[in-house]
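Trainee: Could we go through this one together? I'd like to know where the labels come from.
Mentor: Sure, let's have a look.

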Amino acid sequence: MQGFKLGSISGFEIRVDLSWLLIFFLILWTLTVDLFPFNYPGLSNATYIVMGASGTVLFFTSLLLHEISHSLVAKAKDIPVEGITLFAFGGVSRTRMDAETPGDEFQIAVVGPLTSLALSGVFAIISYTGENAGWNVAVTGVAAYLAWINLVLAIFNLLPGFPLDGGRLFRSTVWKFTNNLQTATRVASIGGRILGFSLIAFGFWQLFSPIPNLIGGLWLILIGWFLNNAAAASYRELVLRTMLEGSRVREVMTMKPETVTADLTLQELMDNYFFNRYYESFPVMEEGHPIGMITLNQLKEVRRQNWSQRTVEETMIPIEEISVSPKQDVAKALTQMGEARSRRLLVTTDGNLEGIISSTDISNWLQRQHEFGDSLPERKTATEQRVMEMQSSH
Ligand SMILES: [Zn+2]
């Protein structure tokens, strides 16, 4: 989930996913042409546009405050927070790891709905006071909408489906009683999937009921589908992380990868390496030591007419970004790949190249573990077998 950067608030980088733009305009449109004209008839078009725009912006500000509250509590628990990504149905706080205790997870999760409830209260007071004091209906109308939508957000997020906040509260409770994070996640994500399917079913019912509600039904189907996917994905990720636990980069990496020298031009690299090999990247060596990695994608980014003047060294990803120790945890290496510009990392010890590890290596390795894990005397054997296979296929 990349998206583009919107800015930074109190040290958290705020990113916006592209799907979110679509939702932004959908909400703007719904408020401007439907909700406000229906609830407050007789105002000018310009007023509806201003109400719609301010309602939409303040709605997304409310979402952002909800996410920031999660991030602040996570940070207070010493869980590193990279930033916040706003996407289709709200936001996510991007943390490098999950809470380590059920108590921490409970507190991180509960603060979000509480923030939405508090916002709902503040906007309700503004709307109520404004109506009594005879403020412009445009102001009190937007405030009333925000009071309502923040209440909806608080309640929706409290539903017990993982990865919603309510699902996290549910998970932390099961975790507390079973002392097993994986069991807790499985139970909570089943909750998420049931909730997702129920929303989809309810959405279809709205579409085909005697008095059909087209927009409401479609929204429910969309949200249900999203929740169902998110629940399944979070559980898969946890299972993956658990399987990877305790395994080291050394056991999974490919040894003795083919390398290129730093002084090659990109044209030579293309002609002599990429053209007749299947690899998508090569470690770059200088005087016998790795200094970086060059990938096919990087080559594509340079204009073809410059290939004969530019060297590999000028184009490559520097070693600092993509180096990993053979003793490193595989799960951590996977996280590092997600953050680096490459799906491969160079395995190095004291400035010497030991091997290369890619996400494909990891998934192949997992596949082998899954199929032959019990019958193999040692984990290493699976890696050795794969290396032999790779050598014999050349
Ligand atoms: Zn939340």
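**Zinc site and ring pairs**

Mentor: Keep in mind that this is a predicted model.

Trainee: Which protein atoms are the donors of the zinc ion?
Mentor: His66 (NE2), His70 (NE2) and two OD entries from Asp165, at 2.0 to 2.6 Å from the zinc ion. The cut-off for a donor is 2.8 Å, so these distances of 2.0 to 2.6 Å qualify.

Trainee: What makes the arrangement around the zinc ion irregular?
Mentor: The angles at the 4 donor atoms run from 54 to 148°. Tetrahedral would need all angles between 85 and 135 degrees, and square planar would need those not between opposite donors to lie between 65 and 115, with opposite donors over 155 degrees apart. A range of 54 to 148° fails these tests, so the arrangement is irregular.

Trainee: Why do you say that His66 and Asp165 tie parts together?
Mentor: His66 lies in helix α2 and Asp165 in helix α5, so the pair joins parts 99 residues apart in sequence.

Trainee: How do you know whether His66 is buried or exposed?
Mentor: Its relative accessible area is 3%, and buried means under 20%, so His66 is buried. Asp165, at 7%, is buried too.

Trainee: What makes Phe202 and Trp205 a stacked pair?
Mentor: Their ring centres are 5.8 Å apart, with the planes at 10°. Pairing needs centres within 6.5 Å and stacking needs planes under 30 degrees apart, so the pair is stacked.

Trainee: Why is Trp205 called exposed, and Phe202 just partly exposed?
Mentor: Exposed means over 50%. Trp205 has 53%, so Trp205 is exposed, whereas Phe202 has 40% and is partly exposed.

Technical notes. Residues numbered from 1 in each chain as written. Predicted model: local features only at pLDDT ≥ 70, side-chain atom pairs only at ≥ 80, totals over all residues. Heavy atoms only, no water. Donors = N, O, S within 2.8 Å, 3.2 Å for Na, K, Ca; no water. Tetrahedral: all angles 85-135°; square planar, octahedral: opposite > 155°, others 65-115°. Helix = DSSP H or I, 4+ residues; strand = E, 2+ residues; numbered from the N terminus. Buried < 20%, exposed > 50% of the residue type's maximum accessible area, 1.4 Å probe, protein only. Phe/Tyr/Trp six-rings, centres within 6.5 Å; stacked < 30°, edge-to-face > 60°.
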